[in-house]
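The exercises below ask you to read strands, helices and loops from a model and to check each reading step by step. Please keep the sequence and the structure open beside the text while you work.

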Amino acid sequence: DQLISQIAAGEVIERPASVVKELLENAIDAGSTHVEIRLDGGGIKRILIQDNGCGIPKESLSLALKRHATSKVRNLDELESISSLGFRGEALASIASVADLHLSSKVEGSDGFSIFKEEITPAALKKGTRIEVTDLFYKTPARRKFLKGEPTEQAHCLTCIKRIALANPEIDFSVFANGKGVLSLPPSTLEARLERMMPKEFLEAHRTVSAETPSVKLYGWVCLPTAAKTRTDCQYFYVNGRFVKDKVLTHALRQAYADVLHGSSQPLYCLFLEIDPLKVDVNVHPTKNEVRFRDSSAIHQFVFHAVENAISQSVL
Ligand code: ADP
Ligand code: MG
């Protein structure tokens, strides 16, 4: 079973950033409003994430670390219309199979407990969950060899944190790397979070996108082409709160830019698409950056027109 877990982990856990993503999604699913993230050695040495969410009751602690143990899906119908971020019940088990995982948690009105290597002990902590992952891939040196240097792995972690933070502006995030504060995001509106996180060039040349049909809604900001060099880290697209990289959406954006600006400029954007969960399949790949729309040409049209509208107004 250890081997099966390690193989499954290979699909989900590629690098420290994958651990960060899974743990943050769990913290969000738990209703946290404050999340603290600590990365040491690019996250290879240590990732510590502490949230103030609902916590895990003592009797569920060992189950949380078992494969296909999820508290989030009760039947197949629910899997179709899933709205929580995690639903496969394999993230914690996968991480625990390729690193040391210390889990401590406390639910309201109860004492806190820790679990490490299947042993449960009392722990003092505030309501919420604290997960510490140390020495990623130390049991699988072949995989560890594929990691890049600590600065690169840290940068991947920060990219992942930013993607999640933009989609959850009401959550307070603080991030430390090797003990130093690197990102502090107080709870705010989406606008305020964008203003805090986007580079100056983006803020100076942004246009608001807002479009809605009875079945789909798009909102957010796009940036007009600027003289400044292209910042590819400013391409954020979310479908129902999930960061995605999707060919249909990227193509629609490029086409809108090409039509209006006759240039080859890279679109920069932070856009949120909201759609009936039954009209989109998010269950394509375990890392879940891909989506499949039931009617992708309608979505393409809709996004294209909404973005074209936003950027053409200012060019005319
Ligand atoms: P999934 O998120 O797919 O359910 P995970 O392996 O990520 O599976 O987590 C297993 C279970 O552990 C979750 O279903 C949830 O009940 C619990 N859990 C994990 N992290 C947290 C957290 N930060 N706060 C509360 N519960 C958590
Ligand atoms: Mg999860």
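Two bridges join strand E11 (residues 235-239) to E12, and these two strands run antiparallel. The model is predicted, so that local features need pLDDT of at least 70, side-chain atom pairs count only at pLDDT 80 or more, and totals for chains, interfaces and linings use all residues. Residues are numbered from 1 along each chain as its sequence is written, while chains are lettered from A and ligands numbered from 1 in the order in which they are written.

**Exercise 1. Establish how confident the prediction is and what the chain contains.**

Step 1. The chain averages a pLDDT of 89, and 84% of the residues score at least 70, where pLDDT is the predictor's confidence in each residue, from 0 to 100. The model scores ipTM 0.99 and pTM 0.91.

Step 2. There are 11 helices and 15 strands in the chain; helices (H or I, at least four residues) and strands (E, at least two) are DSSP runs, numbered from the N terminus.

Step 3. Of the 316 residues in the chain, 38% are buried, a term that requires 20 or more other C-beta atoms within 10 Å of the residue's own, with exposed meaning 12 or fewer, partly exposed meaning in between, and the C-beta atoms placed from the backbone.

**Exercise 2. Trace the sheet that holds E11, and describe the turn that follows this strand.**

Step 1. The open sheet has five strands in the order E9-E10-E13-E11-E12, with mixed pairing, and two strands count as paired if DSSP finds at least two bridges between them. Its edge strands are E9 (206-212) and E12 (242-243), each of which pairs on one side only.

Step 2. E11 is joined to E13 by five bridges, and these two strands run parallel. Val239 has Leu273 as its bridge partner in E13 and Arg242 as its bridge partner in E12, whereas Tyr238 has Phe243 as its partner in E12.

Step 3. E11 and E12 form a hairpin with two residues between them. Asn240 lies in the loop between these strands, and has a positive phi of about 50° although it is not a glycine. Most residues other than glycine have a negative phi. Asn240 counts as partly exposed because it has 18 C-beta neighbours inside 10 Å.

**Exercise 3. Place helix H7 against the sheet and check its length.**

Step 1. Helix H7 (residues 150-167) lies across E11, E12 and strand E13 (268-275), and runs at about 55° to E11. Axes are lines fitted to C-alpha atoms, for helices over the stretch in contact, and angles run from 0 to 180 degrees between N-to-C directions; contact means that the C-beta atoms of two residues, placed from the backbone, lie within 7 Å.

Step 2. At 1.5 Å a residue, the 18 residues of H7 should span 26 Å, which agrees with the 26 Å between its end C-alpha atoms; the expected span is 1.5 Å times one less than the number of residues.

Step 3. The buried residues of H7 include His156, Cys157, Cys160 and Arg163.

**Exercise 4. Identify the neighbours of strand E6 and follow the chain beyond this strand.**

Step 1. Strand E6 (residues 128-134) is mostly covered, with five of its seven residues buried.

Step 2. Six bridges join E6 to strand E2 (residues 46-51) in an antiparallel arrangement, in which Arg46 stands opposite Thr134. Strand E3 (residues 100-106) also pairs with E6 in the antiparallel sense, over seven bridges, and here Lys106 stands opposite Gly128.

Step 3. Phe137 lies in the loop between E6 and helix H6 (141-144), and its phi is near 70°, a positive value in a residue other than glycine. Phe137 counts as buried because it has 21 C-beta neighbours inside 10 Å.

**Exercise 5. Is helix H2 enclosed or open, and does its length agree with expectation or depart from it?**

Step 1. Helix H2 is largely enclosed by the rest of the structure, because 12 of its 14 residues are buried. Among them are Lys21 and Glu22, as well as Val19, Val20, Leu23 and Leu24.

Step 2. The 14 residues of H2 (residues 16-29) should span 20 Å at 1.5 Å a residue, and its end C-alpha atoms are 20 Å apart, which agrees.

Step 3. Just after H2, Gly31 takes a positive phi of about 80°.
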